[in-house]
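This report looks at how one protein chain is packed together, beginning with its interior and ending with the chain as a whole. Please keep the sequence and the structure in view while reading.

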Amino acid sequence: MKSKKRPPAAGATRFSVQEAMRRSPLPFAITHGAKHTLIYANSAFGRLAGIANREVPRVPIATLFTEAEGGALSALLDRASRDRVELLDERIDASSERARGWQCNVWPVIAGNPRIKALGIEIRESSAPDAALELQKQVAEQMLLGALRERGLADDAETADRAKTAFLRAMSHELRTPLNAIGGYIDLLDMGLRGPVTESQHADLGRVRTNQLHLAALITEILNFARVGSGSVSYAVSDINGCDALTHAVELIEPLIGQQGLVFDGISGDSSVVARADPEKVTQILVNLLSNAIKFTPTGGHISAECAAVDDAVTLTVSDTGLGILTEKLETIFEPFVQLKEGVADREGGIGLGLSISRDLARAMKGDLTVQSTEGKGTRFTLSLPRAGERQTA
């Protein structure tokens, strides 16, 4: 089985993103360039501009409205572009009776990259909730990045991606330093080096330490995501026995299986198959898959693992009898900041980066990570890796 070619990062989410924007009751559009040419408009904007039920024309936004309305919108977009504002929120200045009540939000779709002259504009009759506006901004950015890649403007899209990755890495590093200091002072207090500590104070310090470690783990997850996304992760590829890799990962996670009242059915399959991969990265992927199986399998459920060889690939699978995943969410779970249970990050269990990182690692090793699931019956994740040649397995 040959490794699959990795699709564009934005492609998997493009349909759901556009569908969400299309259904928004607020008129929303994206313009590009000095003339503010329309490159996207949702249904509400189409109705407002009189272009409902037909393809969005690639024309300056001003030409779709009356002279007064179009001129006022262009002036607003000109000012947002010229002043490079993060967000312009103003009532439109137009003599048109219809436009007098329009409150407009204008923002750069990809902030911090002046080369991409795209602006998002939202028109409403009154102030919109901050959360709704933030969602519009995030969705617009995802849409534009996908469109840029599809139209061959990958350099601009990747420039924006690199800027975001650099920010995540810098943020993660800056937060880890004070967190480590907090952990050090917790230990000092808990050991009584600053004075006697009561039992209740020991308990309180234990809770503080638990939260400090949890936050540190989340930051590490973000940092790992940034490293993988930037391509700065190095890989020490060697021959690894598939069943041995599964055994090692299970040993690391086995205490949690017992704590959750689950049953591990063991590792089945061909114990002789050998893959070409980075052992540390394989362990990271398998531990994440096993952790998810533990997290989403009710007490009394079963977890199992299997190693096999199919053509030129080695497959390592982790199966459970847990909650399962809806069919329509099988692909979105590999997107950043999406979690298995509710489709959004569960703050107690993580921030939804584990599967995204795992698939990126697998593909970087010329393999893949796929999923099969039936809601209410369980899930099966399969890590495929290149199979070592006969010379290496001898």
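## The largest nonpolar core

In this predicted model, the largest nonpolar core holds 39 residues, and those that touch the most other members are Val282, Leu286, Leu289, Leu316, Phe381, Leu383 and Leu385. Two or more residues of this core come from each of helix 7 (242-259), helix 8 (279-295) and helix 9 (354-364), and the same holds for strand 8 (274-277), strand 9 (302-310), strand 10 (313-320), strand 11 (368-374) and strand 12 (378-386). In soluble globular proteins, nonpolar side chains tend to be buried together.

Which residues does Leu383 touch, if those up to four places away in sequence are not counted? Its contacts are Val282, Ile285, Leu286, Val314, Thr315, Leu316, Ala362, Asp368 and Leu369.

## A hairpin of two strands

Strand 11 and strand 12, which both contribute to the core, pair with each other in the antiparallel sense over 7 bridges, and Val371 stands opposite Phe381 of strand 12. The two strands form a hairpin in which 3 residues lie between them, and Gly376, in the turn, has a positive phi of about 85°.

## A second core and the whole chain

Separate from the largest core is a second one of 25 residues, including Phe45, Leu64, Phe65 and Leu119.

The protein as a whole has 10 helices and 12 strands, and 43% of its 394 residues count as buried. Among contacts with a separation of 6 or more, 63% are between residues 24 or more positions apart. The accessible surface comes to about 20900 Å², with 53% of it belonging to carbon and sulfur atoms.

Methods. Residues are numbered from 1 along each chain as its sequence is written. This is a predicted model: local features need pLDDT of at least 70, side-chain atom pairs count only at pLDDT 80 or more; totals for chains, interfaces and linings use all residues. Side-chain values use heavy atoms; hydrogens and water are left out. A nonpolar core is a set of buried Ala, Val, Leu, Ile, Met, Phe, Trp, Tyr and Cys residues joined through side-chain atoms within 4.5 Å. Buried means under 20% relative accessible area, exposed over 50%, partly exposed in between (1.4 Å probe, protein chains only). Helices (H or I, at least four residues) and strands (E, at least two) are DSSP runs, numbered from the N terminus. Contact means heavy atoms within 4.5 Å. Two strands pair if DSSP finds at least two bridges between them. Accessible areas come from the Shrake-Rupley method with a 1.4 Å probe; for residues, only the protein chains shown count as cover.
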